[in-house]
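User: I am new to this structure and would like a close look at one part of it, with its surroundings. Please explain each term as you go.

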Amino acid sequence: MTRHLLPIALAAAVAFPALASAADTQPPPRVIVSGEGEATVAPDMAILSLSVMREAKSAREALDANNDAMAAVIAAMKSADIADRDLQTAGIQINPRYNYTNKADGSQEAELVAYQVTNTLSVRVRNVDKTGEILDKAVSLGVNQGGGITFTNDDPKAAITEARKKAVADAMAKAKTLAEAAGVSLGKVLEITDQNVAPAPMPMAAKSFDAARSAVPVQAGENSYNVQVTVTFELK
């Protein structure tokens, strides 16, 4: 072999194994499917959002009145066997309130007439059956805003596990159908990803408080936990 052909021969010797190696590392045929699973369970806890709003000429007077009312609400919650760990202040707001008067030139004149103080308390009720009773007691002691209710589960792991199993089974059934239709067979699972979907909160309108005369009727219903999975299968 002449000297000037030797580099070309060496390059070819290096290139052919590299091409063969690249062919060997090509990913196998695969199919990617999604599956969904759902499991329902009765809630065992209610989360209440209760707000007390008081108004006065000065911010100090409004805050003092609000403090007294909220202290009574917190004491009532504790007397209803709500533990300290289940009571949490969610926010305190102090806002001026103005009256606006239209002037002849089209502008407005603002007059400060009062201050409003709102204190919001988040309450976890672990005995769902007492939710209506606790709402009624809170309203009687001064709660006049808020009213959001979320029914949830303290430990939803079992329901989520059941939903996850159903989601994977759904994905496998879809993959088998697709493989049979294509005239191929499923191989091993290459990848699984999942996403939990929590149940949506169930709200109660604040106006329900205005008509409260006895224990507020509350229906907890069921919580639905959903899982979506994406599974990648090898095809043979």
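Analyst: Let us begin with touching: two residues are in contact when heavy atoms of theirs lie within 4.5 Å. The model is a predicted one, in which local features need pLDDT of at least 70 and side-chain atom pairs count only at pLDDT 80 or more, while totals for chains, interfaces and linings use all residues. Numbering starts from 1 along each chain as its sequence is written, and side-chain values rest on heavy atoms, with hydrogens and water left out.

First, a quick view of the whole. Helices (H or I, at least four residues) and strands (E, at least two) are DSSP runs, numbered from the N terminus. The protein chain has four helices and seven strands, which follow one another from the N terminus as α-β-β-α-β-β-α-β-α-β-β. A residue is called buried under 20% relative accessible area, exposed over 50% and partly exposed in between, judged with a 1.4 Å probe and protein chains only. By that rule, 30% of the 236 residues of the protein chain are buried. Among contacts in the chain with a separation of 6 or more, 84% are between residues 24 or more positions apart.

The part I have picked for you is helix α2. It covers residues 59–79, 21 residues in total, and extends 30 Å from first C-alpha to last, close to the 30 Å expected at 1.5 Å a residue. That expected span is 1.5 Å times one less than the number of residues in the helix.

Now look at which way α2 faces. Its buried residues are A62, N66, A69, M70, V73, A76 and M77. They sit on the same side of α2 because they cover an arc of only 110 degrees around the axis; the arc is taken from the directions running from the helix axis to the C-beta atoms. On the face turned away from that buried side you will find the exposed residues D68 and S79.

What do the buried residues of α2 pack against? Their partners are three strands, β2 (45–56), β3 (87–102) and β4 (108–125), together with helix α3 (131–140).

One residue of β4 shows this packing in detail: N119, which is placed in that strand. N119 counts as buried because its relative accessibility is 8%. Leaving aside residues up to four places away in sequence, N119 touches N66 and M70, as well as L50, S51, V52, T89, G91 and I92. N66 and M70 are both among the buried residues of α2.

The helix partner, α3, is itself mostly covered, with seven of its ten residues buried: T131, G132, I134, L135, D136, A138 and V139. Just after α3 comes G142, with a positive phi of about 125 degrees. α2 is likewise followed by a residue with a positive phi, D81, where the angle is near 70 degrees.

Charged pairs come next. A salt bridge here is a side-chain nitrogen of Lys or Arg within 4 Å of a carboxyl oxygen of Asp or Glu, and the structure holds nine of them. One joins the side chains of K78 and D84, at 3.4 Å from N to O. K78 belongs to the partly exposed residues because its relative accessibility is 44%, whereas D84, at 53%, is exposed.

Another salt bridge, at 3.6 Å from N to O, pairs R126 with D154. R126 is in the loop between β4 and α3 and D154 in the loop between β5 (145–152) and α4 (157–182), so this pair ties together parts 28 residues apart in sequence.

Finally, β4 also has a residue to show you at the surface. L112 is found in that strand and is partly exposed because its relative accessibility is 40%. Together with Y98 and Y100, L112 forms a nonpolar surface patch of about 310 Å² of accessible area. Patches are built from residues with over 30% relative accessible area and no salt bridge, joining like charges within 9 Å and nonpolar side chains (Val, Leu, Ile, Met, Phe, Trp, Tyr) within 5 Å. The areas come from the Shrake-Rupley method with a 1.4 Å probe, and for residues only the protein chains shown count as cover. For the whole protein chain the accessible surface is about 14500 Å², with 54% belonging to carbon and sulfur atoms.
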